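Student: I have a model open and would like a close look at one part of it. Could you take me through that part slowly and then show me how the rest fits around it?

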Amino acid sequence: YLFIHKIALLAASDVRRFETILGRALAHEIGHHLLPVGHATSGIMRARLDYVSPDAPGFSADEGRYMRALLTSGQPPSDPPSVLTRLDEDVLPVVAD
């Protein structure tokens with residue numbers, strides 16, 4: 001889920017620009033719609049995003065390959081990305097306090 005007021009609070013606290021925070025959060029949420037399971041151990045699909053680093057986190061090569069195959073064929077590939085993990089119930093939303 002995205003909570004726009006929490007994104008605005010992060011931006012107001014001078015963590016990053018509003019557009020940067022929103023873009024990273026949107027990319028993460030789009031990943032949830034295209035990838036087969038929850039969170040990864042690194043990159044844009046981590047359970048807790050890094051909004052401070054000037055280097056934008058990205059999708060892994062496996063995640064990118066999976067999403068490109070899904071979007072071009074309309075069918076999910078038979079081999080899911082290897083680095084994804086199941087979403088734990090106690091993981092906070094992308095933009096949390």
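Student: Which residue follows H3, and what is the sign of its phi?

Tutor: Happy to help! Please keep in mind that this is a predicted model. The residue that follows H3 is Gly74, and its phi is positive, near 80°.

Let's step back into the helix itself. H3 covers residues 61-73, and at 1.5 Å a residue its 13 residues should span 18 Å; the C-alpha atoms at its ends are 18 Å apart, so the expected span and the model agree. Its buried residues are Glu63, Gly64, Tyr66, Met67 and Leu70. These cover an arc of only 165° around the axis, which means that they sit on the same side of H3. On the face turned away from that buried side you will find the exposed residues Ala61, Arg68 and Thr72.

Now follow the chain past Gly74, the residue after H3. In the loop between H3 and strand S2 (84-85) you come to Asp79. With a relative accessible area of 40%, Asp79 is partly exposed. Leaving out residues up to four places away in sequence, Asp79 touches Arg65 and Tyr66. Tyr66 is one of the buried residues of H3, so here you can link the loop to the helix by eye. Asp79 and Asp62 are 17 residues apart along the chain, and their C-alpha atoms are separated by 9.5 Å.

On the other side of H3 in sequence, the loop between S1 and H3 holds Ser53. Ser53 has a relative accessible area of 18%, and because buried means under 20%, it counts as buried. Apart from residues up to four places away in sequence, Ser53 touches Arg16 and Arg24. Arg24 takes us to H2, where it is among the buried residues, along with Ile21, Ala25, His28, Glu29 and Gly31. Seen down the axis of H2, these buried residues fall within an arc of 150°, so they line one face of the helix. Their cover includes helix H1 (4-12), strand S1 (39-40) and H3, which brings us back to the helix you asked about. H2 itself runs over residues 18-34, and its 17 residues should span 24 Å at 1.5 Å a residue; its end C-alpha atoms are 24 Å apart, in agreement.

The segment before H1 also reaches H2. Leu2 lies in that segment and is partly exposed, with a relative accessible area of 31%. Setting aside neighbours within four places in sequence, Leu2 is in contact with Ile7, Ala25, Leu26 and Glu29. Leu2 and Glu29 are 27 residues apart in sequence, and 8.1 Å lie between their C-alpha atoms. While you are there, look at Lys6: its charged end sits over the ring of Phe3, 5.4 Å from the ring centre.

Finally, here is the whole chain as a setting for H3. The protein chain has three helices and two strands, in the order α-α-β-α-β along the sequence. Of its 97 residues, 29% count as buried. Among contacts between residues at least 6 apart in sequence, 55% join residues at least 24 apart. The accessible surface of the chain comes to about 6,200 Å², with 57% of it belonging to carbon and sulfur atoms.

Terms used
Residues numbered from 1 in each chain as written. Predicted model: local features only at pLDDT ≥ 70, side-chain atom pairs only at ≥ 80, totals over all residues. Heavy atoms only, no water. Helix = DSSP H or I, 4+ residues; strand = E, 2+ residues; numbered from the N terminus. Expected span 1.5 Å × (residues − 1). Buried < 20%, exposed > 50% of the residue type's maximum accessible area, 1.4 Å probe, protein only. Arc of directions from axis to C-beta. Contact = heavy atoms within 4.5 Å. Lys NZ or Arg CZ within 6 Å of the ring centre and 35° of its normal. Areas by Shrake-Rupley, 256 points an atom, 1.4 Å probe, with all protein chains shown as cover.
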